[in-house]
Amino acid sequence: MKRLKILFAIAVLVLALAPVGAQDVTTVTMWFGEGSTLDCWGPLMLEFNEVDPSVQLEIVPQADTWNVTRTAVAGGGGPDIVRTPGPSFVYEMAQAGLILPMDAFADEMGWGDFFFDWALDLGLVDGQLYSLSDELETLVMYYNVDVFEANGWTPPDTMEELNALAEEVEAAGLTVFSHGNASWRPTNEHFVGEYWTQVAGPHKVYQALSGEIPWTDESLVEAIELLDAHMQAGWYGGGVDLYFTNDGVYRRTSLAEGSAAMNIEGSWAIRGTVDYFGESGQTWDWAPVPSHDGTDYFTIGMGNTSSINANSPHPEAAAQFLTWYFSPATQGKMLTNCLKGPAPVAIGEDVLGALDPRIARIYAALSDASANDRYGYTTWTFWPPKSDVYIYEEIERVWTGEITAMEYSEGLQELFAEELAAGDIPPIPTR
Amino acid sequence: MAVLTQKKPMTIAEKFNDESWRRKFLNNVLIPWIFIAPLLIIHLYVVAVPAVQGIYMSLTDWKGVGMNVNFVGLENYRELFFEDETFGKALSNNILWMAFFLTVPFILALFCATMLSQVRRGGMIYRSILFVPYVLASVVTATIWKNLLNPQRGVGAAVDNILGLEGVFGVAYLGRTETALMSIAFIDNWQFWGFLMILFLAAMQSIPPVLYDAAKIDGANRWQEFRHVTLPGIRPILVFMFMMVAIFSFLAFDYIFLLTQGGPGGASEVIATQLYKNAFFRFQAGYGAAQGVVISIFAGFIILIFVTVKRRGWDI
Amino acid sequence: MTAIGNVSIRDTILQRGRSRERSRLLVFNHVVLLALTAFAVIPLVVVAFNSVKTNLEIGQNPLGPPVNVVVENFPNAWDKGNFATTMSNSIIYVVATIAAELVFGGLAAYALARKKPPGSDLLMLYFLVASTIPLWMYIVPLFVQINFLKVKIGVDARILLIMVYVATRAPLSIFLLRSYMIDLPTELEDAARVDGANELQVMTRIVFPLTKPGFLTVGLVVGLGVWNEFLLALTFIHDPNQYPVTTSFYKFVDRFDRDWALTSAGAIIIIFPVMVLFLSLQRQFIEGLAEGGVKL
C-alpha cells in the first residue's frame, strides 16, 4: 500500500505538470486518422504553419477518427476543423447546429474561384454552405498486365465480355477479382453502386435518387441480380465466404502477384497498388469498369468533407487554413507527393502531366466523363445515411441467400422513400 | 440496522437527545455512508446521470447529434418489438452466445482446474501459461485470431496442407453464416476461460483436504468426489460467475465488432452491435438507446433470478 | 504415541494408495494440461514468429518459424508506435486508477461489509444494475458531463479519464472486496476495539492488511482492464502526448491495410510488460484468490 501511495503521488505530480500553450498564436486543430496516410499528408499540411506565424495548424492523430469526432462534436467539444466521411453526415451536423455555415468565408476568401461549382453545391444544406468536399474519387478496374499479356487477354468493355473473360480466367486457375471486405466492411457498397451505374446506367440511378422511379425498377434490380450472380460464381475473391474474410493485404498481394486477374476498386487504392506492384515487380494498369453497353461510366465520390466546428473559438483562422489547404497549389502538391485524391478544385495541367500517366489518365477520364454526362454516383456520397448503411449491410443477406435481389430493393425503397420525404438527402446535382 | 431493531421506538427528538443513539447513528449510518460516498458520487456522475439521460433519449427521436429532440413515448420500443425484423435475429444470437458461454468455458475451466488441482509438479507453470491469454487486449487477440482463422494463411490451411487436403479445414470460419458467431465466441472464450479456470482452481485449493479423505474412505469414485466435495466447495464462485457471465452475454460487443461487425448478412449481429450502428451510423440514437434499455432489462431479469434464488435460501 | 502411530500408518497406507493412483492418473492429467497449454500459447508463439519476419515472409510463411530473423521490426514498431510516450502514459493511467479504485473501493467495501448501513442492499443492487447498462447508450451524455469538467472547470483530461475508469470498474471492485471482507474473522477487530482502537484504526490497521490478497486481485483485474482499454481513452483524450499504449496498435493500420510485421512486433511490445508483471505477481495473485476464492 505504501508503495502504491507513492506511485499515486507521482502520478498526480506528473498530471499536474500539464503543458502550457503560448498566448498570442491562434492554433487551429484538426483530427486525422492514424496510419501511413497521415505520415505523408501530415508534413505537407503542416507547411501551412510557414504561411502566417500567428495561425498555426495542429494535427491530432486519432485512431477511429470519425466515431471519436462525432461523439466529441455532438457533446460540445471536438477540433476546429470537423472532417466527416461524406455529405450525408454533414447534413445531420448542420441540422443540429454543430457546424458553421461558411458562405461569408467563401465570398471573402474566394473559394468559388478554384472550386468547381457542382463541388461547392455538394456542401449545401438548406441553401447554405456547410462543408467543402475533399478527395475526389472514382472506381476503376485495376488489372495485372503481366497476367493479361501472358494469356492474351484484353480488359473487357461490356458485361458480356467480362463474362467470357471470367471463364478463361477461372480456366487458368486464377481468381477473377481480388475482392474482399474483411478490412473494411462497407466495401460492399462499392460494388452495389458500381453495378447500378454500369448495368442500369447513371440516368436510371439519377431518377431513383431524385425519387422519380423506385429502387425496385426492373433495370436496377437486374443490376443487383447480376452482382449476386457474379458473387455466387465465385468471381469475388474465390467464393462468397472467402469474400468475407479476404482483407486489404489479400486484395493487393493477390493482384500484384498475379493470383487474381482484376480488382474493381477506388482511385484511393492507387498508392497501395503502386506499392505492392513495386514489390512484386509486375505491371499494373487500369480500365473502366465494364458496363452493359460498353460506355465508359465513372462514378463520382468524395472521400471526406471539411467543416468548421460551431464551438471553434476562432472560425476565421480555421477558414484561413481551409483556403490554403484547398488551394490548387496545395492539392496539386499532395497529389504529386502522396497520390492523394485531389479536392474538386481546378488543378493545373502541369501537375497532372508530371504524374505517372496511368494515374493522370484516371483523373483525366473522370473529368471527361463528368463533362460528357457519363458520370455516376457512389453510395457514400449521394445516399442518405440509413439507406447507405442498408446498402452495404443488407446486400450481404442477398449474397448469403437469405433474401432476393427484389426483396433487397424493396427494403431499400421503403427506407429511401422515408429519408427522401424527411429531406435527409444530400444534394444531387441536376443532370 | 441496529436503529431499526430497537425495541421501543423513540421519537426523533428523543433520539437526538440520546447520546448512545447519536453514537450509533454516527458509527452505523453516517460514517459508513461517508466511506461509501466518494466512489458512489463518481459513479453517479459518470454512469447514472448519463444513463438516465440515455433512458430519456430512448423515448425520443434523438439523432445522436445536437439536443433538439421530440418526445415520442414508447414508439421506439414498439418499433423494436413489432416492426424490426433484425431484432429477433440479434436477440436469438445473444441467447446462443449466452448458451455457449454458460457451458463451454465453465466445463473447460472446471475440467482443467480439476486436472490441475491434482498435479504437484509443474502446476505453477501450467496455470501461468493457461492464464496468459487473459492479459491480452481484445484488439490484439482479435487481430491474432483473424489471421489464424484466415482460410488461405491460417491454421486450417496449414492442416489441409499437411493432410494433403484442400478446403476441408481451411475454410472461412468468420465468413460463413453458419460458423461466424460461434467462431467469434470461440476466440472470446480462448481469451476468457483461463481466468475462470484460475478462479475455480483457487476455490478448489481452499477446500479442506479432509473432505476428500472422508469421501475416499466412504468409497467415493472420482465423479462422486467431484460431485459431492468439489462442486459444493466452489459453489459460491461458480454461481457468482454464472450470473456475471449471463449478464455480460447481453452486453457482448467488442469481439463481434472487431471481427465481423455483425456480418456476414447479420449472422453474428447482437443487440449491442445493432445499438452501436443505430446510434453512430444511422443517426437513430434514440432508437439505439431503446435497444440499450432492452439489454439492461434482459440482464436485469438475470439478476432478478439470482436474487430470488438467493432469497430462497441459497447462499451466494 | 499409539494413536499417532496408528494415524501415521493409516496415512502411509492412504498415501501409498493415493500416490499409486496419482501416478497413473497424472499421465492423463499432463496430456490434457499440455494440450490446453498448447492451445493457449501457440497463437502467441505465431505472433512472436511473425514479429521477426518481413511482411513478404509473413505472406509466404504466415505460421511457421522465421527463416531470416529481422530484429529491426522491434525498434521500428517502437518508434512508429510512439511507445515511449504511450507506455509511460498507460503506466500513469493504470497506477492512478488502481490506487483510486483500491482506496475508494476499500472504504466503500469496508462500510458495506462491516457496518451495513441502512440502504446497503439497495446500493448493491444499484451497482449490479449499473453494470448491465451498455456504454454506447450513454456515451454522448457522458461526453457532455466530462467535457463540462474539462472546459468549464479546467480539470486535466487524464484525471477525467481515470475518473471514468474508476467509476466503470467500481461495481466489480466493490463486490469482490466486500465479499472478501465479509468472511474475515471479526475476533481481531473486536480485540482491537476492546483495546481502544477507533473505527479508522480498525479499518486501516486490521481489516485492510488482512484484505491484501483481495486488493491484489482487484488491482490486477482493474489494471489489466485499463492497460488494454482504448475506446474510452480515444473518446476523452485528444492529445497525442497523452495517448495510452493501445492506440499505438492503430499506428500500423491504414483504412484498408495493416502492416503485419510491425503489428506483430507491436503486439509483443504491448503484451510483454503485463505478462512479466503477471508472472512475477502470479504466486501472490493466485494465493490471494485461493484465500478469498470461496468467498467471492
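Two strands count as paired if DSSP finds at least two bridges between them, and strands (E, at least two residues) and helices (H or I, at least four residues) are DSSP runs numbered from the N terminus. The exercises below concern a predicted model, in which local features need pLDDT of at least 70 and side-chain atom pairs count only at pLDDT 80 or more, while totals for chains, interfaces and linings use all residues. Residues are numbered from 1 along each chain as its sequence is written, and chains are lettered from A and ligands numbered from 1 in the order in which they are written.

**Exercise 1. Trace the open sheet of chain A and determine which strands stand at its edges.**

Step 1. Four strands of chain A form an open sheet with mixed pairing, and their order is E8-E9-E7-E10.

Step 2. Strand E8 (175-177) and strand E10 (284-287) of chain A each have a single partner strand, so they stand at the edges and one side of each is left without a neighbour in the sheet. From one strand to the next, the twist averages 25°.

Step 3. For the pairing at one edge, take E8(A) and strand E9 (residues 260-266) of chain A, which run parallel and are joined by two bridges. Here Thr175(A) is the residue that stands opposite Ala260(A) in E9(A).

**Exercise 2. Describe how the two domains of chain A meet, and which element gives the largest share of the domain 1 side.**

Step 1. Begin with the bounds, which come from an automatic or database domain assignment: domain 1 of chain A covers 25-134 + 302-370, and domain 2 covers 139-300 + 372-421. The centres of these two domains, taken over C-alpha atoms, are separated by 28 Å.

Step 2. Count the contact, where two residues are in contact if their C-beta atoms, placed from the backbone, lie within 7 Å. Domain 1 of chain A contributes 17 residues and domain 2 of chain A contributes 20 residues.

Step 3. On the domain 1 side, helix H4 (87-95), strand E11 (298-308) and helix H19 (357-371) of chain A each supply at least two residues, and the largest share, eight residues, belongs to H19(A).

Step 4. Sort that side by residue type, with Ala, Val, Leu, Ile, Met, Phe, Trp, Tyr, Cys and Pro as nonpolar, Asp, Glu, Lys and Arg as charged, and the others, Gly among them, as polar. The side of domain 1 of chain A that touches domain 2 of chain A then holds ten nonpolar, five polar and two charged residues.

Step 5. Follow E11(A) to its partner E6(A), with which it pairs in the antiparallel sense over five bridges, Leu136(A) standing opposite Met302(A) in E11(A).

**Exercise 3. Establish whether strand E6 of chain A is covered and whether helix H9 of chain C lies in the open.**

Step 1. Apply the burial rule, by which a residue is buried if 20 or more other C-beta atoms, placed from the backbone, lie within 10 Å of its own, exposed if 12 or fewer do, and partly exposed in between.

Step 2. In strand E6 (residues 132-137) of chain A, five of the six residues are buried, and the strand is mostly covered.

Step 3. In helix H9 (residues 187-194) of chain C, the number of buried residues is zero of eight, so this helix lies largely in the open. Just after H9(C), Gly196(C) takes a positive phi of about 95°.

Step 4. For the chain as a whole, 49% of the 296 residues of chain C count as buried, and its secondary structure comes to 14 helices and zero strands.

**Exercise 4. Work out how helices H10 and H13 of chain B pack, and which residues meet.**

Step 1. Helix H10 (residues 222-251) and helix H13 (residues 285-311) of chain B pack with their axes 8 Å apart, at an angle of about 170°. Angles over 145 degrees count as roughly antiparallel, under 35 as roughly parallel, 65 to 115 as roughly perpendicular and the rest as oblique, and H10(B) is therefore roughly antiparallel to H13(B).

Step 2. Among the residues that meet are Met243(B) and Phe250(B) in H10(B), with Ile295(B) and Phe306(B) in H13(B). The contact of H10(B) with H13(B) divides into eleven nonpolar, no polar and no charged residues.

Technical notes:
Axes are lines fitted to C-alpha atoms, for helices over the stretch in contact, and angles run from 0 to 180 degrees between N-to-C directions.
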